[in-house]
Number of protein chains: 2
Amino acid sequence: MKLLPLFGATLALLCSTSAAADVLIDNVKGVRIDEDGEVDRFTGLWVDDDGTILEVLDKGDKRPEHPKYLSDMDGQIIVPGMIDAHLHVMGIGFGALTLDLSETNSLEEALALIAQFARENPGRPWILGRGWNQEKWGLGRFPTAEELDRAVSDRPVFLERVDGHAGWANTLAIETAKIDADTKDPVGGRIERDAAGAPAGVFVDAATDLVQKVVPEPRPVDRDAALQEAQQILLAQGITAVADMGTTLLDWQTYRRAGDRDQLRIRIMSYAAGIEAMEVIGGTGPTPWLYQDRLRLNGVKLYLDGALGSRGAWLKQPYADDPQNTGLPLLSDTQLRNLMSRAAMENYQIAVHAIGDAANAEALAAIEELSESYRGDRRWRIEHAQIVDPLDIERFGEYGIIASVQPVHQTSDRVMAEARLGPDRLLGAYAWASLAKSGARLALGSDAPVESANPFVGMAVAMTRMDADGLPLGGWMPDERLSRMEAWRGFTSDAAFAGFAEGRFGRLVKGERADFVVVDRDISRASPEAIRQTQVIETWVGGVRAYRRGQ
Amino acid sequence: MKLLPLFGATLALLCSTSAAADVLIDNVKGVRIDEDGEVDRFTGLWVDDDGTILEVLDKGDKRPEHPKYLSDMDGQIIVPGMIDAHLHVMGIGFGALTLDLSETNSLEEALALIAQFARENPGRPWILGRGWNQEKWGLGRFPTAEELDRAVSDRPVFLERVDGHAGWANTLAIETAKIDADTKDPVGGRIERDAAGAPAGVFVDAATDLVQKVVPEPRPVDRDAALQEAQQILLAQGITAVADMGTTLLDWQTYRRAGDRDQLRIRIMSYAAGIEAMEVIGGTGPTPWLYQDRLRLNGVKLYLDGALGSRGAWLKQPYADDPQNTGLPLLSDTQLRNLMSRAAMENYQIAVHAIGDAANAEALAAIEELSESYRGDRRWRIEHAQIVDPLDIERFGEYGIIASVQPVHQTSDRVMAEARLGPDRLLGAYAWASLAKSGARLALGSDAPVESANPFVGMAVAMTRMDADGLPLGGWMPDERLSRMEAWRGFTSDAAFAGFAEGRFGRLVKGERADFVVVDRDISRASPEAIRQTQVIETWVGGVRAYRRGQ
C-alpha cells in the first residue's frame, strides 16, 4: 500500500477544511451491503477529512483529480468494519495484561507459568490472573495456598477461576486480607479450609471479595494501558466499533483521556454500569457523539439475572440438574421498573441483561408497560436473550425489541445448557431464527473477554451452530441458524442500529464513516468454515489505517 | 448592536470552513494592552469562525469586504475579558442556589433569613447555606446549635462560614451525623463544645467533614444547574475565563457535560482537588485544551494550611489573639513533597494553598527543592500568599513563582488580620507590591464565592487598598498598592499566563480568542473609585456574545 501526499499544502491554503477530495482509497476488491441490503461490489472509496465517505466508486466511476492522499490497495479485498454489539472493553484490556492460565493442563504447568510471569513483571505489587480450572488439570480437588507459595511467596497472588466464581490466593495474599481460621464464611460465599479450619487458598463466590477488597485498584495509567491493549486486540480482529456493556465512571474517564489525546481508535457505544454511572456521565440524557463518532453514552445496562453456568439465570421452572433451584432475579419488579423509568424519562437507551426464561419474560413485561409511557424510537435491548419461553418469543417483535445475542455462547454452552435445562426448554434456547422471525432485530456480539472477540468465528457460528470442530454435525437445533446476510448485518449495520449509530457507521455507504477491514477472503461468498478462518490484514477506522498485521 | 448575515451561504458552499473573514466587530471604542504591554486603542476586531482574532483594526485599517456577520457596536467601549485566577466555579453556582448569609449583620437577622429560606423551600431535605461571620455580627463567639434550632428544628441545617473553614449545624444535623460528647476532634479539625463537652454547633476545618459526610450529595442535574448559574454570574461581571481551584471528578464531569453540549460559555483552567482527582481526570499529564480553549486540566491544588479567620493559617509565631496557637500544617513536609513530586513528574502544574507565613515558607522550601529535579517552565503557584515573612518575599522572584492573590481579601480581612497578627507581622501581609518587586508574577482573583467575583472591584482594591467606603483613607499599607497596569494585567494577561493560556486568551491581540467586555467606562483612564463602579453591558467569549445586561 502506498501513501502519496498530493497537493495537500496548496489545497490547505485555499480552504482550511476543504470539501474537495481528501483521501482516495483505490484499487480495492470491495464487498459491502448497499443501501438496499444487497451485496454490492466496488473498487474505490473517496473519503473526506473527517473520515466520511463522499462516494463509493465502481470501476468506471470518475476519480477525484487531486486527492490529498491516494492509497493504492493493490486489489485487496475490503469489507465493512465489524461491530461487536456486546462486550466489555476494559475487561478485554485488563484480561490481556494479567496472567492467563486458561491453556494450562496441570497444576505444575500453571505454577511454572505463574513463577515466570512474576519474574517478568517485577514492578507489580500483586500478581493477578485468571483462567485456572482444577477439572481440566485432573486434580480432583482445589489447589492450595501452599502450592501457590511454591511459585510466588514474596508478593501476594490472587487468581480467578475460569468461570469467575472462585479465587485462588497465596499465603501472603491471605495474610494481607487478614483472613484466618476465625473468619466466617460470608453470605453467598465459602472459604475452603484445611483440617484445622484455616483458609486453604481457594475462596468461592462472595468469599472472593474478602481478598478482592485488598487488591489495589488499577491506577489511571494502568487503565490507559488496558484500553490501548483492548483496542489493539479488537482492531486485530477486524472490529471497528463496539457496544461497551457496563461502563463505569472510571472506564468513561479512560475513554475520555484517550479521546482528548486522539488515541481513541475504535468506536465505543457505551452503556453505563447502572443508573448512577449513567447520570454522572450523561446528566440529563445521552451524551452527543464525541470525537467524530468515536464515543457516545447511549444508555444504561441493567442486570436482571445471572448466568446459566453458575445457575444464576432466573428460570420459570427449576434447573433440570438442580430441582430446588430456579435462580434469582437480581432486581424486584418494582426496582426494575423504577430504574428503567429513570433512564427512559431522560431518553437513555435501556439494555437489560436477561438470560433465563423468567428473566426474559420479566424484561419483556417491563418493556411492554414502559412502552405505554415512553413512546418514540426507544430501541429497548435485551442482552443475551438466551433462554426464552417459546410463547414469549413473539413479544420481541411486537415491541421492536433488539435481541443482543452472542453466537459463540451457544457452542460454548451447549453441553452445559442441555444439562441445566433438560430437553423441553431447549426450544427457546439461543433461538436466533425464531427471534428474527418475530420481527426482533438481532445485534450480534461476543461478550469478550468471556469469549474471544473474533467476529468471523461469530458469523460462522451464527450460520452453522457448529463449534470449531464442526460439532454437532449439521448444527445444534439447525432451524435456529441465521442466514449469511442476517449474520453479516448482525455484526455490522444491525449492531450499529442497535446503538443508534445508523447513518454514522456500520455500512460502506455515502455519508457514513469509512470503517473497513482488509481481509484475505470474500465473506459474501466463502463457506462458513472458511469465514471462520478469515485473516485480518488491515483495519481502517474513519479512513485512517489503525491496524496492520505484523506491526 | 446589529447582526447582519452576509454571504454566509455562498462562502459555506465554497469552503466548509473558510479562512476568509467571518465576523467583523466594528465601530467600537476598544481599549487593550498590546503586545508591548502598552495601552492601545482600536476600533474593530476581525474574528474567524473559531473565535480567534485575525486582526485588531484601527480607524484607517481596511475592513474585510465580505464578512459573514457584521456586528456594529455603536461606538461602545470594549476591554479585554476579565480573568479570575482563583475561584471555585461550582461553589459559586451552588452558593447562588443555596441560602446566602453574607449580608447579615446580626445573629437575629441571620436566624430570620434562615427561617424564611426554610419556609420558601419546603421540598429540600436539608437546609444548606453559607456566608455567616460571627465577627461581622459582633457576636464575639461562635453561634450555637440551639440558636439555630430557633430558626429550623424539623430539618437538618448546615451552614458554612464565610471563609469555608467552619460549619454551623443545628441539633438535628448533629444527631443525624451521630456526633456527641464522645466524638473526638479529628486530625486537623475541632469540634466546638459546650461546658459539658457536647458539640456546641460549630465545627472547624476537618471537623466539618463529620457533618458534611451525611449531607446528601447533589445530583448531576443539580450540578448542571449550578454550573449554568455560575457561568451567568461570572459573565455578568465581565469574566470570560477563570482558574477553578479544586476541581473534583464530579465537577469535571459537569464541565464535560456542558462542553459536550456546547454549553460551556466561560473558559475554565482547572486545578484538581488533590492528586487522585488529578490522575483520574488527566491520566499521565494535563489534558489538552478542550472545546476551543474552554477547558483544560492544568494541574493540582494542594492545601498546606487553613485560613486566618478561623486561625487555621499556619504561622511561624503564635496568633496575637491566641497565644497558644500557631495554626497547623495540613500536610507534613514529606507528604507535601511526595504529592508535589507525583504531580511534577507528570508535568502537572502545582498550586499550593498557603496563607500563614509558616505555610508560605514551607511551600517556598518545597518548590526550591523540587525545582532542582523538575526543571523547565513549571509556573509553580502559591495560592493566597497572604502572610509572608518579609525575609521570604525575595524567594518568590528567585523561582519565578506565581503569587495568586485576591485583592478583596485584604479589605475584608483588615481588622481581623490586625487582631490575628499584631503589628509586627503586617509588613509581609498582602504584600502585593513587594511580591511583584521580587520578580513574582501576580495573578489576581476573587476566591469567589468567598468574596464577590466582581473583577472591577478587585482592580480598584488592588490599586488603592481601600474598601467600598474608601477606608482606610489613602489605603492600608499603601506602599503595597499595585499600579493600574499591574492590576489590569493581573486580571487579564497575567492571570492567563498563570494558567499556561498566553497565546490563547487574555489579550486582544492577533491569534488570541476574541474575549471582551462592553463596559460603560474606560478603565485605562478612570479613577479607581470609578473603576469600582464599572457596569458590564455585554460579555463576549470567542467572538460570540454570551451575556447582555437585562437578558
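Two strands pair if DSSP finds at least two bridges between them. In this predicted model, Val352(B) stands opposite Ile382(B) in strand E18(B). That contact belongs to an open sheet of 8 strands in chain B, in which the pairing is parallel. An open sheet of 8 strands with parallel pairing is also found in chain A. This briefing follows the chain B sheet from its order to its central elements, and then turns to chain A.

**Sheet of chain B**

- The strands of chain B are arranged in the order E7-E14-E15-E16-E17-E18-E19-E20.
- The edges are formed by strand E7 (82-87) and strand E20 (441-444) of chain B, each of which pairs on one side only.
- Neighbouring strands of this sheet are turned against each other by 25° on average, with direction ignored.
- Towards the E20 edge, strand E19 (residues 402-405) of chain B pairs with E20(B) in the parallel sense over 4 bridges.
- Within E20(B), Arg441(B) is the bridge partner of Ile402(B).

**Strand E17 of chain B and its neighbours**

- Strand E17 (residues 349-354) of chain B is mostly covered, as 6 of its 6 residues are buried.
- Burial extends to both faces of E17(B): Gln349(B), Ala351(B) and His353(B) are buried on one side, and Ile350(B), Val352(B) and Ala354(B) are buried on the other.
- Strand E16 (residues 295-303) of chain B pairs with E17(B) in the parallel sense over 5 bridges.
- In the pairing of E16(B) with E17(B), Leu302(B) stands opposite Val352(B).
- E17(B) is also joined to strand E18 (residues 381-384) of chain B by 4 bridges, and these two strands run parallel.
- Val352(B) therefore has a residue opposite it in each of two strands: Leu302(B) and, in E18(B), Ile382(B).**Crossover units of chain B**

- E16(B), helix H10 (residues 333-345) of chain B and E17(B) make a right-handed β-α-β unit.
- A right-handed β-α-β unit is likewise made by E17(B), helix H11 (residues 357-373) of chain B and E18(B).

**Helix H10 of chain B**

- At 1.5 Å a residue, the 13 residues of H10(B) should span 18 Å, and this agrees with the 18 Å between its end C-alpha atoms.
- Leu336(B), Met340(B), Ala343(B) and Ala344(B) are the buried residues of H10(B).
- Viewed down the axis of H10(B), the buried residues fall within an arc of 95°, so they line one face of the helix.
- An α-helix has 3.6 residues a turn, so residues three or four places apart point the same way.
- The buried residues of H10(B) pack against helix H9 (275-282), E16, E17 and H11 of chain B.
- H10(B) is followed by Asn347(B), which has a positive phi, near 65°.

**Sheet of chain A**

- The strand order in chain A is E7-E14-E15-E16-E17-E18-E19-E20.
- Strand E7 (82-87) and strand E20 (441-444) are the edge strands of chain A, and each pairs on one side only.
- From one strand to the next, the twist averages 25°.
- At the E7 edge, 4 bridges join E7(A) to strand E14 (residues 239-247) of chain A, and the two strands run parallel.
- Leu87(A) stands opposite Asp244(A) in E14(A).
- Helix H11 (residues 357-373) of chain A lies across strand E17 (349-354) and strand E18 (381-384) of chain A, and runs at about 160° to E17(A).

How values were computed. Residues numbered from 1 in each chain as written. Chains lettered and ligands numbered in written order. Predicted model: local features only at pLDDT ≥ 70, side-chain atom pairs only at ≥ 80, totals over all residues. Axes fitted to C-alpha atoms, helices over the stretch in contact; angles between N-to-C directions. Buried ≥ 20, exposed ≤ 12 C-beta atoms within 10 Å, placed from the backbone. Right-handed = clockwise from strand over helix to strand, strands pointing away. Expected span 1.5 Å × (residues − 1). Arc of directions from axis to C-beta. Contact = placed C-beta atoms within 7 Å.
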